[in-house]
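Here are a few exercises to work through with the model open on your screen. Try each one yourself before you read the solution.

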Amino acid sequence: MKQVFGVLGDPIAHSISPVMHNAAFEALGMDCTYHAFRVEKQNLGDAIKGAKAMGFGGLNLTVPLKETAIGLIETDPLAARIGAVNTIDFKDGIKGYNTDGIGARKTLEDAGVDIEDKSVLVLGAGGAARAIAFTFTEAGAKVNIANRTPERAMTLAAEVGKVNGFGLDVLDRCLEDTDILINTTTVGMDPNIGDCIVNAEQMHSDLTVFDIVYNPLKTRLLQEAEAAGATPVTGIMMLVYQGAEAFRIWTGVEPPVDVMKKAAMEALRL
């Protein structure tokens, strides 16, 4: 009997996680299947318990459920500090993890970018921003957070500690001393592909610009980075690496990252 895995979110039809994970299961000859399920916030607790009762192997959570899961299930220390869960494992009860920060760090490592002692500017203050801010700070990066609503940035900065938070009005000054710029907002995501928070004139050529938006692959922000002579890093590998870490948590098996990347890339070209 196939073991079922899945991703919960609202909306969820756009998710390419099923394509990515099912390709991994097939490549490894595992009798497993992965599906996407639309679940509203108020039903998350019941959905998680139902998945456990039906023998699911594990779950991913996406927008807007990552922070909702806190308080509903047991979490590992990192997910508890972050205040968001994107991976749930059922092997020993119900336990939540957060693999977003790990996925972001591995993506930059792939691009030859070391985050230790680097000045990192995170745009946004949502679930992904939280994961990156906590994970990168623990790894020795010097993190700043900028958000359209300054109060949210400052609140997150205070929770992380040793981090500054501010509004978008001081981006020009902050970017001068920034090594790595990370967009964790949905600005520039399909269908609003012409939108962008930072333009080429605000960037410098030694800057690495990482956009976690992966649809389109080359966002307007990354186009602006190229125009400035900065180093662009697409978000597709963060999706792959956070999924690969979830796969490892659920199965204890080393995930076929190249297979997952190929499946994700092919899904985006459809």
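**Exercise 1: the largest pocket**

In this predicted model, the largest pocket has a volume of about 1,400 Å³. Find out which residues are closest to its centre, and which elements give two or more residues to its lining.

*Solution.* Start at the middle: of the 48 lining residues, Val63, Thr184, Thr186, Met189 and Ile212 are the closest to the centre. Next, go through the elements: β3 (58–61), α5 and α9 (236–251) each give two or more residues to the lining. Finally, sort the lining by class, and you get 23 nonpolar, 18 polar and seven charged residues.

**Exercise 2: the open sheet**

Work out the order of the six strands in the open sheet, then explain why β9 and β12 each have one side without a neighbour.

*Solution.* Step across the sheet and you read β9-β8-β7-β10-β11-β12, with parallel pairing. β9 (164–166) and β12 (231–233) are the edge strands with a single partner each, so one side of each has no neighbour in the sheet. Now check the twist: ignoring direction, neighbouring strands are turned by 20° against each other on average. Then zoom in on β7 (residues 119–123) and β10 (residues 180–183), which run parallel and are joined by four bridges. One pair to look for is Leu123 with its bridge partner Asn183 in β10.

**Exercise 3: helices on the sheet**

Determine which strands helices α5 and α8 lie across.

*Solution.* Take α5 (residues 127–138): this helix lies across β7, β8 (142–146) and β10, at about 160° to β8. Then move to α8 (residues 220–227), which lies across β10, β11 (208–211) and β12, at about 170° to β11.

Note on methods. Residues numbered from 1 in each chain as written. Predicted model: local features only at pLDDT ≥ 70, side-chain atom pairs only at ≥ 80, totals over all residues. Heavy atoms only, no water. Pairing = 2+ DSSP bridges. Axes fitted to C-alpha atoms, helices over the stretch in contact; angles between N-to-C directions. Contact = heavy atoms within 4.5 Å. 1 Å grid on protein atoms, 1.4 Å probe; cavity = no way out; pocket = protein on both sides within 12 Å on 5 of 7 lines; lining within 4 Å. Points joined across faces, edges and corners; volume = space filled by probe spheres on them. Nonpolar A, V, L, I, M, F, W, Y, C, P; charged D, E, K, R; others polar.
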